[in-house]
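Welcome! Please look over the sequence and the 3D view, and keep both at hand while you work through the exercises.

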2 protein chains.
Amino acid sequence: MPPRKRATITDVAAAAGVAASTVSRAFTHPGRVNVHTREHVLAVAEELGYAPNPAARALESGRTRTLALLVPDITNPYFAGVIKGAERGAAAAGLTLVLGDTAENPAQEAQLVRRLGPAVDGFVLSASRLPDEELRRAADLNPIALVNRATPGLACVVADFDSGTRQIVDHLASLGHHSLVFLGGPPESWSGARRWAGLRAAAEERGLGATRFGPYVPALAGGAAAADAAIAAGATAVVAHNDMLAIGVMLRLAERGVDVPGDVSVVGFDNIVGADFCNPPLTTLAERTEEAGARAVEAVAAQVLSRTDDPPTRVLPTQLVVRRSSGPVPG
Amino acid sequence: MPPRKRATITDVAAAAGVAASTVSRAFTHPGRVNVHTREHVLAVAEELGYAPNPAARALESGRTRTLALLVPDITNPYFAGVIKGAERGAAAAGLTLVLGDTAENPAQEAQLVRRLGPAVDGFVLSASRLPDEELRRAADLNPIALVNRATPGLACVVADFDSGTRQIVDHLASLGHHSLVFLGGPPESWSGARRWAGLRAAAEERGLGATRFGPYVPALAGGAAAADAAIAAGATAVVAHNDMLAIGVMLRLAERGVDVPGDVSVVGFDNIVGADFCNPPLTTLAERTEEAGARAVEAVAAQVLSRTDDPPTRVLPTQLVVRRSSGPVPG
DNA sequence: CTGAAAGCGCTAACAG
DNA sequence: CTGTTAGCGCTTTCAG
């Protein structure tokens with residue numbers, strides 16, 4: 001019981017009594033075929049359930065009309081938005097999206113880039129862990145757009161962390177806090193570095209103290225160690241690398257009888273699903289992740305059409321979502 | 001500034017001083033090549049950065065070594081596990097996974113199946129909204145595996161809702177509840193139907209009353225209407241279509257001053273990220289979503305190798321995760 | 001406007 | 001064990 005064989009261009013040609021090249025033209029250059037023959041060909045094709053074979057097209061043209069999106073962890077809710085946006089952008093452009101999970105592992109990322117390379121027209125790399133040098137080498141073979149990572153010479157879509165971190169610091173300052181503690185994530189994280197740099201600069205500007213602790217695992221499980229460190233340091237305001245860590249911190253604080261926001265204010269990054277229903281609901285910096293995914297796809301698609309040596313960097317606005325986890329400084 | 005041209009098998013052959021077919025064999029049938037020449041070929045290939053062109057392979061073999069996974073909504077945390085599992089399963093089998101979002105829309109799903117059909121070896125359809133008839137027609141052209149949907153003649157991976165719902169009912173019964181209210185989701189949902197059928201049967205068996213309300217939007221936003229209906233009915237235990245709805249219900253109950261689990265016990269389905277840190281943490285039926293994704297990929301892959309007219313249905317165990325949202329009947 | 005023929009990169013016969 | 005040859009399905013010259 002073999003799968004029914006698909007009709008090929010030759011089958012259609014035979015059934016329509018024309019040459020294969022005419023069938024091909026009827027589909028790809030409708031203008032260059034007699035209206036009458038074209039309609040006949042299309043009718044026969046429809047009847048045979050003919051659909052062009054993308055592999056054959058790709059072989060000839062070198063274009064697969066496919067893009068790959070690589071993310072460090074598919075289950076991380078932060079990337080869900082990027083994936084959705086990329087999916088939407090690809091669909092809008094008639095492109096197919098291939099999804100890869102790099103397991104936060106640079107080697108795996110490199111391998112995927114290599115393996116998928118010949119099968120796709122370009123890559124969207126979200127939160128890439130690859131060194132700049134390697135990214136540029138890969139970009140030499142395939143157009144690449146980066147999400148939340150900036151590498152000179154490559155197309156990038158990044159969140160406006162400068163503005164975002166300033167919003168956070170202003171918010172805490174207006175609540176009377178005199179200092180903040182940043183609970184850091186993975187040291188290789190480009191976003192993490194930008195977040196800390198922004199916080200520190202904005203804090204200095206505002207006359208607030210800023211200290212970095214960590215690195216911590218950017219997940220619920222990392223919260224206990226991070227919270228304990230913050231308590232020991234007598235922090236009144238903590239800003240966590242991301243929402244999962246922030247929520248983990250709040251869980252631990254509750255366990256240790258520390259009130260949020262009464263004793264300590266907690267702020268996160270990402271505004272993931274759940275930041276709205278954790279307890280208390282989390283104040284966090286929202287990024288436009290869907291837009292980032294869509295823009296990155298656009299950028300790659302543009303590069304596929306015409307290579308430029310200086311592709312654009314796009315900065316997307318961020319906004320602080322104030323919820324109940326942040327409040328006035330105690331005392 | 002055109003992209004650097006990729007090395008082909010011919011380039012490698014020339015550089016290594018062998019025939020193209022030898023290079024091909026060195027990769028695909030390592031045993032049929034002299035160890036010495038093979039190592040030389042592989043070294044040259046490595047140096048040239050050669051990677052086989054999947055399109056060319058596909059053209060020749062008719063196999064694309066690619067599977068498509070279609071889900072109703074990529075951002076729904078429930079599907080994150082399925083996606084991850086499918087990704088992992090595909091990677092383990094050396095297959096590439098294409099991801100499609102059907103936007104909960106049968107027409108869009110059908111279109112994706114048609115467009116992607118010639119480009120992939122098979123489909124994993126998660127929570128498909130397509131009618132049985134159309135699924136069977138599609139399965140005629142491409143192997144298909146279904147996740148949480150059963151259609152005779154197709155490979156299926158489903159959660160054991162019979163056992164799961166019995167666990168829920170037993171749990172509530174042991175807490176002294178005499179009846180439960182089911183807050184239903186979309187009427188077309190196969191899982192939803194199975195969940196209600198299971199609850200009702202188990203409740204009857206146990207001598208509990210069971211009523212269904214709804215349908216509600218299976219999201220946080222659906223919670224208000226669902227909660228209000230449950231309160232009006234004087235329910236002591238509610239079981240929601242999924243965790244998002246359950247959490248939405250708890251949010252609304254808190255707003256109305258109804259204590260969970262003091263006044264009402266709440267149970268969900270899915271055990272999504274967030275069920276552990278909402279307030280109170282949610283009692284819910286966990287499915288093995290990652291395993292489901294991986295198994296479905298396996299099933300498709302098996303069908304690609306050898307078609308059978310009666311593919312297997314796999315039932316995966318479910319387990320009740322008891323947290324603090326469920327408690328003794330009041331009074 | 002249409003047909004014939006060449007080849008995209010690769011693999012599977014078939015010789016040697 | 002390895003080279004030669006013939007396509008896979010499609011697009012694209014190039015003639016007609």
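Here are four exercises on this predicted model, each with a worked solution.

**Exercise 1. Find out which residues come nearest to DNA strand D, and which parts of the strand lie within 4 Å of the protein.**

Step 1. Start with the neighbours. There are 25 residues around DNA strand D, and those that come nearest are Ile9(A), Ser24(A), Arg57(A), Ser21(B) and Thr22(B).

Step 2. Turn to the DNA side. Among the strand D atoms within 4 Å of the protein, 61% are sugar or phosphate atoms, and the rest belong to bases.

Step 3. Look at single atom pairs. A backbone N or O atom of Asn53(A) is 3.1 Å from a phosphate oxygen of strand D. Thr37(B) places a polar side-chain atom 3.0 Å from a phosphate oxygen of this strand. With Glu60(B), the partner is a base nitrogen, 3.0 Å from a polar side-chain atom.

Step 4. Ask which elements contribute. Helices H2 (20-28) and H4 (54-61) of chain A, together with H2 (20-28) and H4 (54-61) of chain B, each give two or more residues to the surface near strand D. The largest share, four residues, comes from H2(A).

Step 5. Sort the residues by class: this surface has eight nonpolar, 10 polar and seven charged residues.

**Exercise 2. Now do the same for DNA strand C: which residues are closest, and which element gives the most to the surface near it?**

Step 1. DNA strand C is surrounded by 25 residues, and the closest are Thr22(A), Ile9(B), Ser24(B), Tyr50(B) and Arg57(B).

Step 2. Of the strand C atoms within 4 Å of the protein, sugar or phosphate accounts for 65% and bases for the rest.

Step 3. Check the backbone. A polar backbone atom of Ala19(A) is 3.0 Å from a phosphate oxygen of strand C, and a backbone N or O atom of Asn53(B) also lies 3.0 Å from a phosphate oxygen. For Ala56(B), a polar backbone atom is 3.3 Å from a base nitrogen.

Step 4. H2 and H4 of chain A and H2 and H4 of chain B are the elements giving two or more residues to this surface. H2(B) gives the most, with four residues.

**Exercise 3. Which residues touch the most other members of the largest nonpolar core?**

Step 1. The largest nonpolar core has 100 residues, and Val238(A), Val266(A), Val238(B) and Val266(B) touch the most other members.

Step 2. Follow one of them. Leaving out residues up to four places away in sequence, the residues that Val238(A) touches include Val181(A), Leu183(A), Ala230(A), Val249(A) and Val264(A).

Step 3. Look for another core. A second, separate one has 40 residues, including Ala68(A), Ala159(A), Val98(B) and Leu125(B).

**Exercise 4. Why is strand E3 (residues 122-126) of chain A described as largely enclosed?**

Step 1. Count the buried residues, using under 20% relative accessible area as the cut-off. Five of the five residues of E3(A) are buried, so the strand is largely enclosed by the rest of the structure.

Step 2. Compare the two sides. Gly122(A), Val124(A) and Ser126(A) point one way, while Phe123(A) and Leu125(A) point the other way, and all are buried.

Step 3. Find the strand partners. E3(A) pairs with strand E1 (residues 66-71) of chain A in the parallel sense over four bridges, and Ala68(A) stands opposite Phe123(A). Four bridges also join E3(A) to strand E4 (residues 144-147) of chain A, again parallel, where Phe123(A) stands opposite Ile144(A).

Methods
Residues numbered from 1 in each chain as written. Chains lettered and ligands numbered in written order. Predicted model: local features only at pLDDT ≥ 70, side-chain atom pairs only at ≥ 80, totals over all residues. Heavy atoms only, no water. Near = heavy atom within 4 Å. Polar contact = N/O pair within 3.5 Å; in protein donor to acceptor, adjacent residues only side chain to side chain. Nonpolar A, V, L, I, M, F, W, Y, C, P; charged D, E, K, R; others polar. Core = buried A, V, L, I, M, F, W, Y, C linked by side-chain atoms within 4.5 Å. Buried < 20%, exposed > 50% of the residue type's maximum accessible area, 1.4 Å probe, protein only. Contact = heavy atoms within 4.5 Å. Pairing = 2+ DSSP bridges.
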